[in-house]
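Work through the exercises below with the structure open beside you. Try each task before reading its solution.

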Amino acid sequence: MSSNQVAFFIGLFGSVHCIGMCGPLAFAVPSFHSQWWMVVVDKFVYNAGRVITYTLLGLLIGLLGRQLWLAGLQQSVSIVSGLLIIMAGFSRMFKIKFSQSKLMPKMLAPINKLIGFALKHKAGHFAVGLLNGFLPCGFVYLALIGAVNTSSPYSSAQYMFWFGIGTFPLMLLATVSMGFIGPRVRNRINKAMPYLMVCLGLWFVLRGLGLNIPYLSPATQSQEINNCR
């Protein structure tokens, strides 16, 4: 399975979770059209704004990943990020709570103000979608960790683009139909999320170890050079 396919799967799986978290914001953006197809266009544009923001975040995190790649730290980053994802997954499984940083609300305050301003002044769905992409979300963080493990800013942006595309179908249907997925389904997805995190974390660790296992843990560049010799 390629990195982009993994990103798409994370987005598809996480979109059910996102409906519960980001859905209320999407539902709060009014559509002033009476024709149903124009309402669909509005919601399509809203979700397109999210995907563009995810892609931009991927590009930015990819610039960091490129520096790590050039410094020869890519394997270490893959292992460390995998272990962090596994720890986060286990903390959710066993309901271990950590003290929350007081810095996060302060950092998000400007974005929340912009969203409030956009809703109050009837800004377009596209603007609200762009801003929504910056809101904190566990699945977005999960995707960004995967993106930083890619080899270039372009690959990282592509990774986050496919993550966004994965979230697109269900989020579009939910925003058009006003939340057709009930809390019971979302609750089941939330319960399954830690197991997905552990599996993904193990995959990152194996990739970093470079055990020369095709697709799962490919050989490192140095190993390939030695094999050629």
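The exercises that follow go from the whole chain to single residues, and the model they use is a predicted one.

**Exercise 1. The overall make-up**

Task: State how many helices and strands the protein has, and what share of its residues is buried.

Solution:
- Step 1. The secondary structure consists of nine helices and zero strands. Written along the sequence, this gives the pattern α-α-α-α-α-α-α-α-α.
- Step 2. The protein has 229 residues, and 41% of them count as buried.
- Step 3. The accessible surface is about 12900 Å², and carbon and sulfur atoms make up 69% of this area.
- Step 4. Among contacts with a separation of 6 or more, 79% join residues 24 or more positions apart.

**Exercise 2. The length of helix H3**

Task: Check whether the span of helix H3 agrees or disagrees with the value expected at 1.5 Å a residue.

Solution:
- Step 1. Helix H3 covers residues 74-93, which is 20 residues.
- Step 2. The expected span is 1.5 Å times one less than the number of residues. For H3 this comes to 28 Å.
- Step 3. The end C-alpha atoms of H3 are 28 Å apart, so the two values agree.
- Step 4. After H3 comes Lys95, which has a positive phi near 55 degrees.

**Exercise 3. The buried residues of H3**

Task: Which residues of H3 are buried, and what does Ser81 touch?

Solution:
- Step 1. The buried residues of H3 are Gln74, Val77, Ser78, Ser81, Gly82, Ile85, Ile86, Gly89 and Ser91.
- Step 2. An α-helix has 3.6 residues a turn, so residues three or four places apart point the same way.
- Step 3. Ser81 has a relative accessibility of 6%; the limit for buried is under 20%, so Ser81 counts as buried.
- Step 4. Leaving out residues up to four places away in sequence, Ser81 touches Ile145, Asn149 and Phe204.

**Exercise 4. From H3 to H8**

Task: Find which residues Val205 touches.

Solution:
- Step 1. Val205 belongs to helix H8 and is buried, at a relative accessible area of 14%.
- Step 2. Beyond four places away in sequence, Val205 touches Ser78, Ile79, Gly82, Leu83 and Ile86.
- Step 3. Gly82 is 123 residues from Val205 along the chain, yet their C-alpha atoms are separated by 5.1 Å.

**Exercise 5. An aromatic pair**

Task: Is the ring pair of Trp203 and Phe204 stacked, edge-to-face or tilted?

Solution:
- Step 1. A pair of aromatic rings is described by the distance of the centres and the angle of the planes.
- Step 2. The whole structure contains five aromatic pairs. In the pair of Trp203 and Phe204, the centres are 5.4 Å apart and the planes lie at 45 degrees.
- Step 3. Planes under 30 degrees apart would be stacked and over 60 edge-to-face. The angle of 45 degrees therefore makes this pair tilted.
- Step 4. Both Trp203 and Phe204 are buried.

**Exercise 6. The nonpolar cores**

Task: Name the residues that touch the most other members of the largest nonpolar core, and the elements that supply two or more of its residues.

Solution:
- Step 1. The largest core has 25 residues, and those touching the most other members are Ile10, Phe139, Tyr159, Met160 and Phe163.
- Step 2. Two or more residues each come from helices H1 (3-28), H2 (36-70), H6 (138-148), H7 (153-177) and H8 (183-209).
- Step 3. A separate second core has six residues, including Ile111, Ile115, Ala118 and Leu131.
- Step 4. In H6, eight of the eleven residues are buried, so this helix is largely enclosed by the rest of the structure.

**Exercise 7. Two threonines**

Task: Decide whether Thr150 and Thr55 are buried or partly exposed, and list their polar contacts to the backbone.

Solution:
- Step 1. Thr150 sits in the loop between H6 and H7. Its relative accessible area is 10%, so Thr150 is buried.
- Step 2. The Thr150 side chain reaches the backbone oxygen of Ala147 at 2.6 Å, and a polar atom of this side chain lies 3.3 Å from the backbone nitrogen of Ser156.
- Step 3. Thr55 is in helix H2. With 21% relative accessibility, Thr55 counts as partly exposed.
- Step 4. A polar atom of the Thr55 side chain lies 2.8 Å from the backbone oxygen of Val51.
- Step 5. Beyond four places away in sequence, Thr55 touches Ala157, Met160 and Phe161.

Methods:
Residues numbered from 1 in each chain as written. Predicted model: local features only at pLDDT ≥ 70, side-chain atom pairs only at ≥ 80, totals over all residues. Heavy atoms only, no water. Helix = DSSP H or I, 4+ residues; strand = E, 2+ residues; numbered from the N terminus. Buried < 20%, exposed > 50% of the residue type's maximum accessible area, 1.4 Å probe, protein only. Core = buried A, V, L, I, M, F, W, Y, C linked by side-chain atoms within 4.5 Å. Polar contact = N/O pair within 3.5 Å; in protein donor to acceptor, adjacent residues only side chain to side chain. Contact = heavy atoms within 4.5 Å. Areas by Shrake-Rupley, 256 points an atom, 1.4 Å probe, with all protein chains shown as cover. Phe/Tyr/Trp six-rings, centres within 6.5 Å; stacked < 30°, edge-to-face > 60°.
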